[in-house]
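Visitor: I have a structure to look through, and I would be glad of some company. Could you walk me through it, one question at a time?

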Amino acid sequence: MSLKNFVSSVTAAAFSLSMAAAPVLAQDAAPSFSLDLNNVADTEQGGCRLTYVANNGTGQALNAVSYQVAVFDAQGIVTNLLVLEFGALIEGKTKVVQFDLGGRGCADISRITVNEVAECTLADGTVGDFCMTGLETASRSAIQFGI
């Protein structure tokens, strides 16, 4: 086999393998709703402003999304249970939402954990279960954020 034929065969085989894998990769992408604790900042009133970036990758328009979260102090003690309301998000929409926690600076918060879904309503009025099963969390701050 000549070098030219060998290279052509290898190239064709690689192309065939990549095309065969493409549908598998597309099927692996599950619907998701992501929340990123993107920034935290102390307020002039002595509280902590939390900035979240929410992204609706569920494939469906959402009429209302909210989560109950637990706030932990620097010693790991739960100090609050709050409901964070993200409102309506069309499919594929990214939304930035800020919440002010009064009475404590950001350094006094070690972690925020999603406790449960408070509301997950689709645009047609039905309730979805993917707001928790498809939830992806991240934090870009010193405060841990997760499920």
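**The aromatic cluster and its surroundings**

Guide: Happy to. This is a predicted model, and a good place to start is one aromatic cluster, formed by Phe-33, Tyr-52, Tyr-67, Phe-86, Phe-99 and Phe-145.

Visitor: How many aromatic pairs are found in a search of the whole structure?

Guide: Pairs are counted by the distance between ring centres, with a limit of 6.5 Å. With that limit, the search of the whole structure gives a count of six.

Visitor: Of what kind is the pair of Tyr-52 and Phe-145: stacked or edge-to-face?

Guide: Their ring centres lie 5.1 Å apart, and the planes meet at 70°. Planes over 60 degrees apart put a pair in one particular class. The pair of Tyr-52 and Phe-145 is therefore edge-to-face.

Visitor: How many residues apart are these two, Tyr-52 and Phe-145?

Guide: Tyr-52 belongs to strand β2 (residues 48-57), while Phe-145 belongs to strand β8. The pair thus links distant parts of the chain, and the separation is 93 residues.

Visitor: Is Phe-145 buried or exposed?

Guide: Its partner Tyr-52 has a relative accessible area of 0% and is buried. For Phe-145 the relative accessibility is 9%, and the cut-off for this class is under 20%. So Phe-145 counts as buried.

Visitor: Which strands hold Tyr-67 and Phe-86?

Guide: These two rings also form an edge-to-face pair, 6.3 Å from centre to centre with 70° between the planes. Tyr-67 is buried, as is Phe-86. The pair ties together parts 19 residues apart in sequence, because Tyr-67 lies in β3 and Phe-86 in β4.

Visitor: What is the strand order of the open sheet of four strands?

Guide: The pairing in this sheet is mixed. β4 (78-89) and β8 (144-146) each have a single partner strand, so they stand at the edges, with one side of each left without a neighbour in the sheet. Neighbouring strands are turned by 25° against each other on average, direction ignored. Read across, the order is β4-β3-β6-β8.

Visitor: How many bridges join β3 to β6?

Guide: β3 covers residues 62-73 and β6 covers residues 109-122. Gln-68 stands opposite Glu-116 in β6. The two strands run antiparallel, and the number of bridges joining them is 11.

Visitor: Over the face of which residue does Arg-111 lie?

Guide: Here a charge sits over a ring, for which the CZ of Arg must be within 6 Å of the ring centre. Arg-111 is at 3.8 Å from the ring centre, and the ring is that of Phe-72.

Visitor: Which residues is Val-117 in contact with, leaving aside its neighbours within four places in sequence?

Guide: Val-117 is in strand β6 and is partly exposed, with a relative accessible area of 27%. Its C-alpha atom is separated by 6.3 Å from that of Ser-66, although the two are 51 residues apart along the chain. Leaving those sequence neighbours aside, the contacts of Val-117 are Ser-66, Tyr-67, Cys-131 and Met-132.

Visitor: And in what order do the elements of the chain run?

Guide: There are two helices and eight strands in the chain. Starting at the N terminus, the order is α-β-β-β-β-β-β-α-β-β.

Visitor: What share of the contacts between residues at least 6 apart in sequence join residues at least 24 apart?

Guide: The chain has 147 residues, of which 33% count as buried. It exposes about 8,600 Å², with 54% of that supplied by carbon and sulfur atoms. As for those contacts, the share joining residues at least 24 apart is 66%.

Note on methods: Residues numbered from 1 in each chain as written. Predicted model: local features only at pLDDT ≥ 70, side-chain atom pairs only at ≥ 80, totals over all residues. Heavy atoms only, no water. Pairing = 2+ DSSP bridges. Axes fitted to C-alpha atoms, helices over the stretch in contact; angles between N-to-C directions. Phe/Tyr/Trp six-rings, centres within 6.5 Å; stacked < 30°, edge-to-face > 60°. Buried < 20%, exposed > 50% of the residue type's maximum accessible area, 1.4 Å probe, protein only. Lys NZ or Arg CZ within 6 Å of the ring centre and 35° of its normal. Contact = heavy atoms within 4.5 Å. Areas by Shrake-Rupley, 256 points an atom, 1.4 Å probe, with all protein chains shown as cover.
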